Amino acid sequence: MSSYREDSFRCVLLERSIQVRDNNRTREDDFFNNVIHNRPDVNGITIDRDVYREGLDLYSEYAGLDVETGTPTRATLEKYGLKDVADKLEAMGRLPA
């Protein structure tokens, strides 16, 4: 029996995989666009591009995503019972090596 946390993360991985499959989503799609980047928000906080990228690297490693592509790895997909999704992405040439 899986936990709510595992089930929730399985949904995140599935959504990410669908975006990779249907829209060829890449890591570059995870970055804010130039309009939002380095622009103060209403509280005067600025989002630093380098700090954001570093955080994204850490999240990618923690979440089992390939740091270069942002795509879930086969090991991660299989860990959460999504082997069929990994097989499909691999057949399309979109699963990281």
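These questions and answers walk through a predicted model of one protein chain.

Q: How many helices and how many strands are there in the chain?
A: The model is predicted. From the N terminus on, its elements run α-α-α-α. The count is four helices and zero strands.

Q: What percentage of the residues of the chain count as buried?
A: Buried means under 20% relative accessible area. The chain has 97 residues, and the share that counts as buried is 28%.

Q: Which helices each supply at least two residues of the largest nonpolar core?
A: The largest nonpolar core has twelve residues, among them Phe9, Leu13, Val20, Val85, Ala86 and Leu89. At least two residues of this core come from each of two helices, H1 and H4 (83–91).

Q: Are H1 and H4 roughly parallel or roughly antiparallel to each other?
A: The axes of H1 and H4 come within 11 Å and cross at roughly 20°. Angles under 35 degrees count as roughly parallel, and those over 145 as roughly antiparallel. Therefore H1 and H4 are roughly parallel.

Q: Is the crossing of H1 and H4 left-handed or right-handed?
A: Handedness depends on which way the near helix is turned from the far one: anticlockwise gives left-handed, clockwise gives right-handed, by less than a right angle. The crossing in which H1 passes H4 is left-handed.

Q: How do the residues of the contact of H1 with H4 divide into nonpolar, polar and charged, and what are the numbers?
A: On the H1 side are Leu14, Ser17, Val20 and Arg21. They meet Val85, Lys88 and Leu89 in H4. The residues of this contact divide into four nonpolar, one polar and two charged.

Q: Is Leu13 buried or exposed?
A: Leu13 is found in helix H1. Leaving aside neighbours within four places in sequence, its contacts include Ala63, Pro72, Thr76 and Tyr80. Its relative accessible area is 1%, and the cut-off for buried is under 20%. So Leu13 is buried.

Q: How far apart in space are Leu13 and Leu65, C-alpha to C-alpha?
A: Leu13 is in contact with Leu65. In sequence, 52 residues separate Leu13 from Leu65. In space, the C-alpha to C-alpha distance is 9.0 Å.

Q: Which residues does Thr76 touch, not counting residues up to four places away in sequence?
A: Thr76 lies in helix H3 (residues 74–79). At 11% relative accessibility, Thr76 counts as buried. Ala63 is in contact with Thr76, and also with Phe9 and Leu13. The residues that Thr76 touches are Phe9, Leu13, Ala63 and Gly64.

Q: How far apart in space are Glu6 and Lys79, C-alpha to C-alpha?
A: Glu6 has its place in helix H1. With a relative accessible area of 34%, Glu6 is partly exposed. Glu6 and Lys79 are 73 residues apart in sequence, and their C-alpha to C-alpha distance in space is 9.9 Å.

Q: Which residue other than glycine has a positive phi, near 50°?
A: Most residues other than glycine have a negative phi. The residue in question sits in the loop between helix H1 (4–23) and helix H2 (49–63). Its relative accessible area is 42%, so it is partly exposed. The residue with phi near 50° is Asn24.

Q: Among contacts between residues at least 6 apart in sequence, what percentage join residues at least 24 apart?
A: Contact means heavy atoms within 4.5 Å. Of the contacts in the chain between residues at least 6 apart in sequence, the share that joins residues at least 24 apart is 51%.

Definitions and conventions:
Residues are numbered from 1 along each chain as its sequence is written. This is a predicted model: local features need pLDDT of at least 70, side-chain atom pairs count only at pLDDT 80 or more; totals for chains, interfaces and linings use all residues. Side-chain values use heavy atoms; hydrogens and water are left out. Buried means under 20% relative accessible area, exposed over 50%, partly exposed in between (1.4 Å probe, protein chains only). A nonpolar core is a set of buried Ala, Val, Leu, Ile, Met, Phe, Trp, Tyr and Cys residues joined through side-chain atoms within 4.5 Å. Axes are lines fitted to C-alpha atoms, for helices over the stretch in contact, and angles run from 0 to 180 degrees between N-to-C directions. Angles under 35 degrees count as roughly parallel, over 145 as roughly antiparallel, 65 to 115 as roughly perpendicular and the rest as oblique. Ala, Val, Leu, Ile, Met, Phe, Trp, Tyr, Cys and Pro count as nonpolar, Asp, Glu, Lys and Arg as charged, and the others, Gly among them, as polar.
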